[in-house]
Number of protein chains: 2
Amino acid sequence: MQRRDFIRRGTLTGLLAGAVGPAARPLAALSSGPAPRRLANGDIRLSSNENPLGISEAARQAVIEAITVANRYPRDQQDALVGQLAAAYGVAPAQIVMGVGSSEVLQMAIQAFAGPRTRLVLADPTYEDAITYQRTHPYEMLKVPLDSDHAHDLGRMREAVGSDGRPAVVYICNPNNPTGGITPSSAVDDWIREARENVFFIVDEAYIEYVDDPAYHTALPWVADRPNVLVVKTFSKVYGMAGLRLGYGIAHPATAARLADFVAKNNTNQLALAAAGACFGDEALIRKSVQVNQDAKAATQGVLDELGLEYLPTQTNFIMHRISGDLGQYRNRMAEAGLLVGRPFPPMLEWNRVSFGLPEDMDRFAETLREFRQKGWV
Amino acid sequence: MQRRDFIRRGTLTGLLAGAVGPAARPLAALSSGPAPRRLANGDIRLSSNENPLGISEAARQAVIEAITVANRYPRDQQDALVGQLAAAYGVAPAQIVMGVGSSEVLQMAIQAFAGPRTRLVLADPTYEDAITYQRTHPYEMLKVPLDSDHAHDLGRMREAVGSDGRPAVVYICNPNNPTGGITPSSAVDDWIREARENVFFIVDEAYIEYVDDPAYHTALPWVADRPNVLVVKTFSKVYGMAGLRLGYGIAHPATAARLADFVAKNNTNQLALAAAGACFGDEALIRKSVQVNQDAKAATQGVLDELGLEYLPTQTNFIMHRISGDLGQYRNRMAEAGLLVGRPFPPMLEWNRVSFGLPEDMDRFAETLREFRQKGWV
């Protein structure tokens, strides 16, 4: 399988199929640079779905080299990265809009498609950014509870969009944050295929590289001839660049241009562009990130099983698990033990989202959770 | 003079007064890191008002150290920089809103104060970002030509705002880009003092550190009790961080909170925050940037005088000068000579804005201009 094919498909299934290709390198040969430090006070942050490995050695070197252009506006370098992304995805550069993280891309979309009595339909719970950004616009927001599989309830979401012809924006986070599971891609495809033109789909694929469920695939092919579909990607997760703030959207050229009306000018950072150019599509990096995540996931699920704490199946770098008692108290107790764990995601206030750190971080999480059990706290 | 006093005053006059203080170091002891390279093809970019010195050595070291947190979201580090800025300016942290360059702060303000039939009043020509960002909002935009001194014509701008009580946003770029001169601060103060509450002032002080005209001072004191004043600052100019995309606005806390409704979440880059923390208020760095700029300015004015080409007095790191003939042709000819010079700023299409590079860059500019004269092109 070619690198481009992997990038287009973008899931672990595709990745592992490609691991025998010429780009494959043994895991042991990889370096991801100096060991990322914990927070200044020694705490371990398991609350923000960050990649504990840090950025790759190639990205690190690229950052250092790019310091010499830190005084220069980034237009040329942004054009170069857009060209690299476009070639990998098999789209035109005019179909890509860069953002300060995927978050700014979501902001552009929410702003660009806002209008009086426009419906915004999303899952409950889901990633909060679309909810945050709609506050300054006259949307009618409709939150639709996840279904019994903790997937997007696409049937009820379709009902929420309605058949009265009013414009709508549909946000689909797939896999979903904070629950971690996928919504079957064929069902998403069915809806996009049948939807009217003024139903605008934002498909957020921030965690796509971690997915190995065969029922999942990217929504990217839709953007070729559907101006009402935006696929959102990020360098914050598998590439470990959350602090460098770089994401992007891929859409029909007309849609990308409309989104760009709402971009902050010169929004990309030279050092982030350099890092991204150096690590995008690096199969060995992705494989290592995914493998370390799998190990941390196994350790985490192990202790949750041991303690009989329910959790949701996850295709991401985090897991949602039941706690006993008050979430605020639980998080405070974890913080006292030096572990920062995920924020409240109403209405799931009897659950906690914990991000996967390094396997040894999860061992400490496991020890802490066992201590909590001994104290009768979970 | 204390460092904080300099930062509050923020102009060269204040800086030089402070040069005898304990923070003063001889120019020769300064290093600003490895020599910034020219563009990849050897061209010299004199078109974007960038600082040719690059970022400081302290900033460079801070960037390299911060690579270990490139995988972490920047909230803690942003809070730290905001605290540092707030202490230096003598304002509360809640009065500061960070942006991806000052440009995103302008975007937030244009979005936050937009409304049907709200007037946007600005100079013609001035920096274009406010014009760009208003396109997606229902402003009535009123461009007021600069006065005969190439300063903002505040009298005509006040007339444009009108006395009918309609809300207005006033953008004052001081010193003005692309013309380079100041608008007397006392006249700006008079207007702010007398303006009604629904006239919102954006005072863009991107070039403040280069100013040595005693008729200039920051508009910052107004933000203490005037919710209708926003002062915009940047790390892109004297600090040489244009490629790291970091700027900020200072306002009344209520205004800052309103602006933050329009911010892209987690918009600041870890490496930019680290660089900014390491160089903000570094008097030696500022003195060197300003001195090199003065030298380049003298060289540039020298050749313009020699060739009898009119130019505008500048208090910035660029200068607007007359050309003979077509601007597009002039820029193409400069580009063929390896010099990228400023874009069109209608209606001043018989003028060109050239940014100050290193003194040797301006020597090459001077040689090129002399060749143009020999060919009868200028």
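Q: In this predicted model, which residue follows α11(B), and what is the sign of its phi?
A: Look just past the end of α11(B), a helix that covers residues 283–307 of chain B. The next residue has a phi near 70°, and the sign is positive. That residue is B:G308.

Q: How far apart should the ends of helix α11 of chain B be, and what is the distance between its end C-alpha atoms?
A: The helix has 25 residues, and at 1.5 Å a residue it should span 36 Å. The expected span agrees with the model, because the end C-alpha atoms are also apart by 36 Å.

Q: How many residues of chain A are in contact with chain B, and which helix of chain A supplies the largest share of that side?
A: The contact joins 45 residues of chain A to 45 residues of chain B. On the chain A side, α3, α5, α6 and α10 each supply at least two residues. The largest share is four residues, and it comes from α5(A).

Q: What classes of residue make up the side of chain A that touches chain B?
A: Sort that side by class. The result is 18 nonpolar, 16 polar and eleven charged residues.

Q: At what angle do α3(A) and α10(A) pack, and what is the hand of their crossing?
A: Two packed helices are described by an angle and a distance between their axes. For α3(A) and α10(A), the axes are 8 Å apart and the angle is about 145°. The crossing is right-handed.

Q: Which class do ten residues of the contact of α3(A) with α10(A) belong to?
A: Residues including A:A62 and A:V63 in α3(A) meet residues including A:L271 and A:A274 in α10(A). Two residues of this contact are polar and one is charged. The other ten are nonpolar.

Note on methods:
Residues are numbered from 1 along each chain as its sequence is written. Chains are lettered from A and ligands numbered from 1 in the order in which they are written. This is a predicted model: local features need pLDDT of at least 70, side-chain atom pairs count only at pLDDT 80 or more; totals for chains, interfaces and linings use all residues. The expected span of a helix is 1.5 Å times one less than its number of residues. Two residues are in contact if their C-beta atoms, placed from the backbone, lie within 7 Å. Ala, Val, Leu, Ile, Met, Phe, Trp, Tyr, Cys and Pro count as nonpolar, Asp, Glu, Lys and Arg as charged, and the others, Gly among them, as polar. Axes are lines fitted to C-alpha atoms, for helices over the stretch in contact, and angles run from 0 to 180 degrees between N-to-C directions. A crossing is left-handed if the near helix is turned anticlockwise from the far one by less than a right angle, and right-handed if clockwise.
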